[in-house]
Amino acid sequence: MTSWSTADGVLTGEYAGWALDSATDAIIVIDEQGLVRAWNRACVDLFGWSKEFAIGRDVDFMIPEKLREAHHRGFSSAMARGGLASDGQARRTKSLREDGVSIYIEMTFAALRNDEGVMIGAVAVARPLSERDIPTHGRKRYTGPLVDVTFDSALCNHNGQCVRNMPEVFDTSRRPWINPAVADAELALRLRTTVGNCPTGALQIAEVGAPDDDPAAG
Ligand code: SF4
């Protein structure tokens with residue numbers, strides 16, 4: 001039988017796999033291309049996708065479609081930079097289960113580094129949100145002449161991206177802090193892009209006349 005661990009305390013071979021599968025949190029390891037390399041038993045329990053399905057597949061199968069582009073953009077720039085902006089911070093987000101239902105989870109990301117400290121992928125730890133923490137879909141709606149914006153504060157990670165990209169509309173020193181009323185035809189296009197780039201789905205476009213409390217939203 002192989003030994004448990006190396007001299008510097010790293011689990012070897014099958015012990016590493018057993019440890020991953022014994023963890024009660026879902027642990028996902030992806031490589032530099034975003035392909036799943038580890039998918040522990042708790043992932044199977046939480047998301048429903050089997051190990052056979054997940055391993056070697058682009059991780060976007062578990063990311064709701066509207067968040068995929070932001071994920072790919074963020075992960076590519078993290079790999080180019082050699083670090084994650086959200087390293088170690090727990091974030092609320094949504095994920096897709098195998099049965100097609102999207103669920104709220106809390107996820108913590110860390111850069112996966114080799115012995116030389118080079119980022120070679122990422123490790124994510126996920127757990128379902130407790131009942132108390134699940135947002136009620138009480139999205140607040142902000143109305144403009146051409147575009148309405150809805151906001152779910154439970155999903156916002158406060159990275160300030162929207163404020164930096166479009167201070168005309170997003171200004172946290174003002175009340176209300178979102179003001180789509182200033183968006184004329186030209187600004188409305190930029191507003192759609194800014195909202196579409198929100199990495200957490202906290203911001204969404206609501207077409208004028210659409211209900212603002214869509215349980216499928218987010
Ligand atoms: S871009 Fe989205 S997540 Fe970032 S601060 Fe704005 S609303 Fe929050």
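**Note on the predicted model**

1. I begin with the strand pair E4 and E5: in this predicted model, strand E4, residues 102–113, and strand E5, residues 119–128, run antiparallel to each other and are joined by 9 bridges. Within this pair, Ala111 lies opposite Ala122 of E5, which gives a convenient place to check the register on screen.

2. The E4 and E5 pair belongs to an open sheet of 5 strands, whose order is E2-E1-E5-E4-E3 and whose pairing is antiparallel. The edges of this sheet are formed by strand E2 (36–39) and strand E3 (90–96), each of which pairs on one side only. On average, and with direction ignored, neighbouring strands of this sheet are turned by 30° against each other.

3. There is also an open sheet of 3 strands, in the order E6-E7-E8, and here again the pairing is antiparallel. Its edge strands are strand E6 (140–142) and strand E8 (203–206), each pairing on one side only, and its neighbouring strands are turned by 30° against each other on average, direction ignored.

4. How are E6 and E7 connected, and through how many residues? A hairpin of 5 residues leads from E6 to E7, and the two strands, E7 covering residues 148–151, pair in the antiparallel sense over 3 bridges. Two of the partnerships can be followed residue by residue: Lys140 has Phe151 of E7 as its bridge partner, while Arg141 has Thr150 of E7.

5. On the E8 side, E7 and E8 run antiparallel and are joined by 4 bridges. Thr150 stands opposite Gln204 in E8, and Thr150 is also the bridge partner of Arg141, so that a reader following Thr150 passes from E6 through E7 to E8.

6. Turning to the ligand, the residues around it include a run from the segment that follows E7, namely Cys156, Asn157, His158, Asn159, Gly160, Gln161 and Cys162. The others are Cys198, Pro199, Thr200, Ala202 and Leu203, and Leu203 is also where strand E8 (203–206) begins. By class, this shell holds 6 nonpolar and 6 polar residues, with no charged residues.

7. Helix H4, residues 65–81, passes a simple geometric check, because its 17 residues, at 1.5 Å a residue, should span 24 Å, and the end C-alpha atoms are 25 Å apart, which agrees. Just after H4 comes Gly82, which takes a positive phi of about 85°.

8. Is Ala19, in helix H1 (residues 13–22), buried, exposed or partly exposed? Ala19 counts as partly exposed because 13 other C-beta atoms lie within 10 Å, whereas a residue needs 20 or more to be called buried and 12 or fewer to be called exposed. Ala19 and Asn40 are separated by 21 residues in sequence, and their C-alpha atoms are 9.2 Å apart in space.

9. For the chain as a whole, there are 6 helices and 8 strands, and along the sequence they follow the pattern α-β-β-α-α-α-β-β-β-β-β-α-α-β. Of the 218 residues, 23% count as buried. Among contacts between residues at least 6 apart in sequence, 48% join residues at least 24 apart.

Key
Residues numbered from 1 in each chain as written. Predicted model: local features only at pLDDT ≥ 70, side-chain atom pairs only at ≥ 80, totals over all residues. Pairing = 2+ DSSP bridges. Axes fitted to C-alpha atoms, helices over the stretch in contact; angles between N-to-C directions. Contact = placed C-beta atoms within 7 Å. Near = placed C-beta within 6 Å. Nonpolar A, V, L, I, M, F, W, Y, C, P; charged D, E, K, R; others polar. Expected span 1.5 Å × (residues − 1).
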